[in-house]
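The following exercises concern a single protein structure. Each sets a task and then works through the solution in steps.

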Amino acid sequence: VSDVQPHLLTTSPAGNTSDGPTYSQAIHSPYAEKWWEVMETELTTLESDLHACELDPREPWMHVLPSTWAFHLKRFANGLAKKFKARFCVRGDMQIEGVDFFETWAPVVQWTTVCLMILATRLNLVSSQANITATFVHAPLGPHEHINVRQPAGF
């Protein structure tokens, strides 16, 4: 292993959760104000921009899925904070077949996309990426399908 450069093998300790904190860790951290900003931005995107949800009173017959926050802190190479990310997540693993969903599907890549990427690699072309905000919100639901989700922590 003498030809391996040591700086390529560096990693963060397994117990380091500062870049992916839990909700409790985030709101009690020195960056709490930044985490609140990105949480509010996430909810504004879902509610106002995408019209993906509405606040309804909870009825006894509703199966309400739990929700959680996923946080991530991107850093510059020198370790300073670069970007704070917060995503509102629904615990889809708690869904009940026939109540919350009737069929499952998974997006797949088209073979033509794979071929284009191979061609781009061989021709040394530069590829760019596009981020789709709240991708799951764009999945179609039937006219009588509803997903009931518990409000996010802190709101």
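**Exercise 1.** Determine which side chain meets that of Arg91 in a salt bridge, and how exposed the two residues are.

*Solution.* Step 1: apply the criterion, in which a salt bridge is a side-chain nitrogen of Lys or Arg within 4 Å of a carboxyl oxygen of Asp or Glu. Step 2: the partner of Arg91 is Asp93, with an N to O distance of 2.7 Å. Step 3: classify the accessibility, where buried means under 20% relative accessible area, exposed over 50%, and partly exposed in between (1.4 Å probe, protein chains only). Arg91 has a relative accessible area of 33% and is partly exposed, whereas Asp93, at 55%, is exposed.

The model is predicted: local features need pLDDT of at least 70 and side-chain atom pairs count only at pLDDT 80 or more, while totals for chains, interfaces and linings use all residues. Residues are numbered from 1 along each chain as its sequence is written, and side-chain values use heavy atoms, with hydrogens and water left out.

**Exercise 2.** State how many salt bridges the structure holds, and explain what the pairs of Arg75 and Arg87 tie together.

*Solution.* Step 1: the structure holds 3 salt bridges. Side chains of opposite charge can pair when their charged atoms come close.

Step 2: Arg75 pairs with Asp19, the closest N and O atoms being 2.7 Å apart. Because Arg75 belongs to strand 2 and Asp19 to the segment before helix 1 (23–27), this pair ties together parts that are 56 residues apart in sequence. Helices (H or I, at least four residues) and strands (E, at least two) are here DSSP runs, numbered from the N terminus. Both residues are partly exposed, Arg75 at 32% and Asp19 at 24%.

Step 3: Arg87 forms a salt bridge with Glu42, with 3.3 Å between the closest N and O atoms. Arg87 lies in strand 3 and Glu42 in helix 2 (residues 32–49), so the pair ties together parts 45 residues apart in sequence. Arg87 is partly exposed, with a relative accessible area of 41%; Glu42 is buried, with 6%.

**Exercise 3.** Describe the span of helix 2 and the packing of its buried residues.

*Solution.* Step 1: helix 2 has 18 residues and reaches 24 Å from its first C-alpha to its last. The expected span of a helix is 1.5 Å times one less than its number of residues, and the value for helix 2 is close to the expected 26 Å.

Step 2: the buried residues of helix 2 include Trp35, Val38, Met39, Glu42 and Leu46. An α-helix has 3.6 residues a turn, so residues three or four places apart point the same way.

Step 3: these buried residues pack against helix 1, strand 2 and strand 3, a contact being heavy atoms within 4.5 Å.

**Exercise 4.** In which sense do strand 2 and strand 3 pair, and over how many bridges?

*Solution.* Step 1: two strands pair if DSSP finds at least two bridges between them. Step 2: strand 2 (residues 67–75) and strand 3 (residues 81–90) pair in the antiparallel sense over 9 bridges. Step 3: the bridge partner of Ser67 in strand 3 is Val90. Step 4: the hairpin has 5 residues between the strands, and Gly79 takes a positive phi near 95° in this hairpin.

**Exercise 5.** Locate His51 and Asn124, and state whether each is buried or exposed.

*Solution.* Step 1: His51 lies in the loop between helix 2 and strand 1 (64–65). Its phi is near 50°, a positive value in a residue other than glycine. At 64% relative accessibility, His51 is exposed.

Step 2: Asn124 lies in the loop between helix 3 (111–122) and strand 4 (148–149). The phi of Asn124 is near 55°, again positive in a residue other than glycine. At 68% relative accessibility, Asn124 is exposed.

**Exercise 6.** How many disulfides are counted, and how accessible are Cys53 and Cys89?

*Solution.* Step 1: a disulfide is taken as a pair of cysteine sulfur atoms within 2.5 Å. Step 2: by this rule the count is 0 disulfides. Step 3: Cys53 is partly exposed at 43% relative accessibility, and Cys89 is partly exposed at 26%.
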